[in-house]
Amino acid sequence: MKYTDEHKYDDIINLPRHISKKHPQMSLLNRAAQFSPFAALTGHEDATQEAARLTDSFIQLDEDKKEQLDEQLQLIRKNLEQKPECEIVYFQPDSKKTGGAYVTARGRIKKIDEYSHQIIFTDGTVLPIKHIFSIRGELFQNAEYSPY
């Protein structure tokens, strides 16, 4: 029997689909996953956004500003029993790239750790003294270096 193109599969077109006894059928979800789009650049958009994210540079303080901060820290040390409320702007280095951001922390100061050079707030926030940019608070309102 000679087949023409239009009747090429007439002998099998109405046969039932073969179901294997050895291999279980693939779920519809897994079948659909075979045809999902291929993402050749996975993570590229995240990397691009990370590169575009801006960071600030650490500002080196001049001697006058360092002296002012030192005097403020001495005043805080003298008044630690009152747990003075302060607003401290400090540099927080970025964990992924060069630079960082200037962040403001507000709260009551519990302790100044001389050994680790850190300020510890009553809420547990810990700030490295070397990254402090400015300190403000009621404690400094009458001082000559008041930032108000």
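What share of the contacts in the chain with a separation of 6 or more comes from residues 24 or more positions apart? Residues 24 or more positions apart account for 54% of those contacts, and that figure, like every other one on this tour, is computed from a predicted model.

**The whole chain**

Begin with the entire chain in a cartoon view, where three helices and five strands can be picked out, and follow the sequence through the pattern α-α-α-β-β-β-β-β. The radius of gyration is 34 Å, well over the 15 Å that the globule rule gives for 148 residues, so the chain is more spread out than a compact globule. If you align the view with the principal axes, the C-alpha atoms fill a box of roughly 110 × 30 × 25 Å. Colouring by relative accessibility will show the buried residues, which make up 22% of the 148 residues in the chain.

**The sheet**

Next select the five strands, which form an open sheet in the order S4-S3-S2-S1-S5 with antiparallel pairing. Strand S4 (126-128) and S5 stand at the edges with a single partner strand each, so one side of each has no neighbour in the sheet. Looking across the sheet, you can follow a twist that averages 40 degrees from one strand to the next.

Now narrow the selection to S2 and S3, which pair in the antiparallel sense over four bridges; here Ile112 has Ile119 in S3 as its bridge partner. The hairpin of these two strands has four residues between them, and His117 takes a positive phi near 55 degrees. Moving on to S3 and S4, you will find an antiparallel pair joined by three bridges, with Pro128 in S4 as the bridge partner of Gln118. This hairpin also has four residues between the strands, and in it Gly124 takes a positive phi near 95 degrees.

**The helix across the sheet and the nonpolar core**

Add helix H3 (residues 63-78) to the selection; H3 lies across S1, S2, S3 and S5, and runs at about 45 degrees to S5. With these elements on screen, turn to the side chains of the largest nonpolar core, which has 17 residues, and show Ile76, Cys86, Ile88, Ile109, Ile119, Phe121 and Ile135, the members that touch the most others. The elements giving two or more residues to this core are H3, S1, S2, S3 and strand S5 (132-137). As general background, nonpolar side chains tend to be buried together in soluble globular proteins.

**The salt bridges**

How many salt bridges does the model contain? The count comes to five, and three of the pairs are visited here, beginning with Arg77 and Glu114, whose closest N and O atoms are 2.4 Å apart. This pair links distant parts of the chain, since Arg77 belongs to helix H3 while Glu114 sits in the loop between strand S2 (100-113) and strand S3 (118-121), 37 residues apart. Both partners can be checked on the surface view: Arg77 counts as partly exposed at 25% relative accessibility, and Glu114 is partly exposed with a relative accessible area of 44%.

Then select Glu85 and Arg108, a salt bridge in which the closest N and O atoms are 3.5 Å apart. Glu85 lies in strand S1 (residues 85-93) and Arg108 in strand S2, so this pair ties together parts that are 23 residues apart in sequence. Glu85 is partly exposed, with a relative accessible area of 46%, and Arg108 is likewise partly exposed, with a value of 39%.

Finish with Glu87 and Arg106, a salt bridge with 2.8 Å between the closest N and O atoms. Glu87 is in strand S1 and Arg106 in strand S2, so the pair ties together parts that are 19 residues apart in sequence. Is each partner of this pair exposed or partly exposed? Glu87 counts as partly exposed at 22% relative accessibility, whereas Arg106 counts as exposed at 57%, because exposed here means over 50%. Keep Glu87 and Arg106 selected and add Arg136, for salt bridges that share partners join these residues into one network.

Key:
Residues are numbered from 1 along each chain as its sequence is written. This is a predicted model: local features need pLDDT of at least 70, side-chain atom pairs count only at pLDDT 80 or more; totals for chains, interfaces and linings use all residues. Side-chain values use heavy atoms; hydrogens and water are left out. A salt bridge is a side-chain nitrogen of Lys or Arg within 4 Å of a carboxyl oxygen of Asp or Glu. Buried means under 20% relative accessible area, exposed over 50%, partly exposed in between (1.4 Å probe, protein chains only). A nonpolar core is a set of buried Ala, Val, Leu, Ile, Met, Phe, Trp, Tyr and Cys residues joined through side-chain atoms within 4.5 Å. Two strands pair if DSSP finds at least two bridges between them. Axes are lines fitted to C-alpha atoms, for helices over the stretch in contact, and angles run from 0 to 180 degrees between N-to-C directions. Contact means heavy atoms within 4.5 Å. The radius of gyration is taken over C-alpha atoms; the globule rule is 2.2 Å times the number of residues to the power 0.38.
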